[in-house]
Amino acid sequence: MTQLPVLYLVACAAPPALRIRSGIQAGQDAGWDVCLVLTPSSRRWLADDIHDLEKLTGHPVRSEYKMPQDEDLLPSADAMLVAPATSNTINKWANGISDTLALGLITEAIGLRLPLTALPYCNNAQAAHPAFDRSVEALRSYGVTVMLGDGGFTPHPPRQGDLDAYPWAKAVGTLTT
Ligand SMILES: Cc1cc2nc3c(=O)[nH]c(=O)nc-3n(C[C@H](O)[C@H](O)[C@H](O)COP(=O)(O)O)c2cc1C
């Protein structure tokens with residue numbers, strides 16, 4: 001059997017995480033072996049779903065760094081999609097902070113030159129903080145495809161997000177197998 005290329009889907013704690021099955025499905029439909037990585041916050045949001053998500057992906061759902069003596073539980077990634085990407089994770093990622101497994105993986109992935117896409121989800125008040133534009137610009141200059149604006153995600157007024165419009169398949173389509 002041929003091995004499928006491996007996509008790490010890294011989900012932060014924003015409302016599209018509650019529809020992470022759509023992201024997994026979009027990745028699998030595009031021919032990826034999808035592994036799900038959660039931030040500690042999104043893990044809390046999805047605590048009741050972990051077993052089902054592990055069945056759906058066929059892999060453990062990871063959210064904490066392993067112990068040094070432990071073996072890697074996931075196959076190596078060929079690409080990573082950060083979706084939903086919170087303003088918190090975008091700002092920390094742009095600054096090289098690695099205090100969660102999710103950040104550690106995506107920070108290192110910049111150095112490894114892996115294909116990387118971020119599909120943000122935040123409101124326009126969060127996006128108006130001056131750090132946000134700086135972080136998006138920095139990540140783009142590091143080679144990350146940040147799908148903000150036309151053709152991607154546009155920040156909404158607080159409490160007016162549209163989960164149905166979140167473009168999971170389009171984000172997966174920016175990454176080639
Ligand atoms: C109900 C709820 C909705 C939230 N929605 C968003 C959001 O759409 N975008 C965002 O950037 N942060 C949102 N947050 C805040 C993040 O969850 C918070 O910044 C968290 O620390 C993010 O952690 P993470 O980036 O490690 O996942 C929301 C928080 C709550 C409780």
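**View 1. Five strands make an open, parallel sheet in this predicted model.** The strand order is E2-E1-E3-E4-E5, with parallel pairing. Who sits at the edges? Strands E2 (33-38) and E5 (145-146) do: each has a single partner strand, so one side of each is left without a neighbour in the sheet.

**View 2. Here we look at where strand E4 meets E5.** E4 covers residues 116-120, and two bridges tie it to E5, with the two strands running parallel. If you want a pair of residues to look for, take Thr117, whose bridge partner in E5 is Thr145.

**View 3. The ligand sits in a shell with no charged residues.** There are 15 residues around the ligand, and the ones that come nearest are Cys12, Ala13, Ala14, Thr39 and Thr86. Sorted by class, the shell has nine polar and six nonpolar residues. Which helices each supply at least two residues of this shell? They are H2 (40-45) and H4 (87-94). H4 gives the most, with three residues.

**View 4. Helix H4 turns up again, this time crossing helix H7.** A packed pair of helices is described by the angle between the axes and the distance between them. For H4 and H7 (residues 130-141), the axes come within 9 Å and cross at roughly 55°. An angle that is neither under 35 nor from 65 to 115 degrees, and not over 145, counts as oblique, and the two helices are therefore oblique to each other. The crossing of H4 past H7 is left-handed. On the H4 side, the contact is made by Ser87, Ile90, Asn91, Trp93 and Ala94, while H7 brings Ala131, Phe132, Ser135, Val136, Ala138 and Leu139. Between H4 and H7, the contact counts eight nonpolar residues and three polar ones, with no charged residues.

**View 5. Strand E3 holds a proline that follows a cis peptide bond.** Most peptide bonds are trans. The one joining Ala83 and Pro84 is cis, with omega at about -5°. Pro84 is found in E3, which spans residues 79-85.

**View 6. Arg113 shows a positive phi without being a glycine.** Most residues other than glycine have a negative phi. Arg113 has a phi of about 60°. Where along the chain should you look for Arg113? Go to the loop between helix H5 (101-111) and E4.

How values were computed. Residues numbered from 1 in each chain as written. Predicted model: local features only at pLDDT ≥ 70, side-chain atom pairs only at ≥ 80, totals over all residues. Pairing = 2+ DSSP bridges. Helix = DSSP H or I, 4+ residues; strand = E, 2+ residues; numbered from the N terminus. Near = placed C-beta within 6 Å. Nonpolar A, V, L, I, M, F, W, Y, C, P; charged D, E, K, R; others polar. Axes fitted to C-alpha atoms, helices over the stretch in contact; angles between N-to-C directions. Left-handed = near helix turned anticlockwise from the far one by under 90°. Contact = placed C-beta atoms within 7 Å.
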